[in-house]
Amino acid sequence: MLYLFTGNSRYLIEHQVSEWKKQFIQKHGDFNLLHLKNIIDYETNFIIESLTALPFWWEKKLVCIDIESENKKENYSKKLDTILSQIDHIPENNIVLIVYPEPDKRAKFFKDISKVAQKKEFNISETGELQHIIEKKYNDKISYWAIQAIMRYKWNHLEKIVSEIDKLLITYERIEEEYIYSHILPELEENIFQCIDLILSKQTPQAIEKIHTILEQTSIYAFYNNLLANLRPIIYIQSLKKTWVSQKQIADTLKLGNRAFLINKSYKLPVWNMKKLYTQLIDIDTQMKTGKLLWSEEKDITLAVEYALLSS
């Protein structure tokens, strides 16, 4: 029996794998349970034997194999080919579970394994689904507004959200919104959006202060690239809103996903000023790449960004 657990939620997949392993151990013990977490660490013969050898003194055997999309090493590809080559030789008593979160759907292995395995997808497509999962897991141990805050702070990353909630529950019986603000650091993306809100609301001094706070946790290069990446869709959204395009059309056209909330935002800075600011910020990148920027140290690039904000 061959199963494929896949989807965009690593947390949900890992939770389900854990449940399968617990149930298997309860019924069959742990002697015939194998979990190959990094196949590149195992010899080819061991992988083949794990897949094809019958259970030892028991009725069933469970083999879990983790797959990494980002691993591009040649040896890794060979190990994937080994797994594919043994599919037809897996005994009926062996349960093989391929664990493949956030897959590269263009990859040969994913295409081939999807054709022969029973596929179970674990996806979170909307913030409402994420909120429901958190509410179901923690019941009344966290308030509605605290859930909203931590989802925003952790940019809808379920694994990070669960980790932070579990840590807070060591100290508090019930998590309130203020505990999120006082104990949890926002993800870079959330910090970027807070900074952009200040910039586009013409609160430049506060925006510059926010930048200095962000740069205590990350480099100016990461901040600068994220600023450009997140400012660009906002400009597109505001431009499309001027043409009276519907919200659904804007969300679909720009593929906003969990950033669709940006459509409802309004700013004091006019669109043409936003475009001017974006052009000035892009020019910093051009100057760096062509060697025309007078400064090279991070603090000097920070000054160039601040100057662009002040002149927008």
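**Figure 1. Burial across the protein chain.** In this predicted model, 43% of the 312 residues of the protein chain count as buried. The accessible surface of the chain adds up to about 17900 Å², and carbon and sulfur atoms hold 51% of that area.

**Figure 2. Helices, strands and overall spread of the chain.** Here we meet 14 helices and 5 strands in the protein chain. With a radius of gyration of 25 Å, the chain lies well over the 20 Å that the globule rule gives for 312 residues, so it is more spread out than a compact globule. Taken along the principal axes, the box filled by the C-alpha atoms is roughly 75 × 50 × 40 Å.

**Figure 3. Contacts along the sequence.** Let us turn to pairs of residues in contact. Among contacts in the protein chain with a separation of 6 or more, 75% come from residues 24 or more positions apart.

**Figure 4. The second largest pocket and its lining.** This pocket has a volume of about 310 Å³. Its lining is made up of 15 residues, and Asn8, Ile124, Asn156, His157 and Leu158 are the closest to the pocket centre. Two or more lining residues come from each of helix 5 (127–138) and helix 7 (158–171).

**Figure 5. Residue classes in the lining of the second largest pocket.** Here the view stays on the pocket and sorts its lining by residue type. How many residues of the lining are nonpolar, polar and charged? The lining of the second largest pocket holds 7 polar residues, along with 4 nonpolar and 4 charged ones.

Notes:
Residues are numbered from 1 along each chain as its sequence is written. This is a predicted model: local features need pLDDT of at least 70, side-chain atom pairs count only at pLDDT 80 or more; totals for chains, interfaces and linings use all residues. Side-chain values use heavy atoms; hydrogens and water are left out. On a 1 Å grid over the protein atoms alone, a cavity is a set of points where a 1.4 Å probe fits but cannot get out, and a pocket is an open set with protein on both sides within 12 Å along at least five of seven lines; lining residues have an atom within 4 Å of a point. Grid points are joined across faces, edges and corners, and a volume is the space filled by probe spheres set on the points. Helices (H or I, at least four residues) and strands (E, at least two) are DSSP runs, numbered from the N terminus. Ala, Val, Leu, Ile, Met, Phe, Trp, Tyr, Cys and Pro count as nonpolar, Asp, Glu, Lys and Arg as charged, and the others, Gly among them, as polar. The radius of gyration is taken over C-alpha atoms; the globule rule is 2.2 Å times the number of residues to the power 0.38. Buried means under 20% relative accessible area, exposed over 50%, partly exposed in between (1.4 Å probe, protein chains only). Contact means heavy atoms within 4.5 Å. Accessible areas come from the Shrake-Rupley method with a 1.4 Å probe; for residues, only the protein chains shown count as cover.
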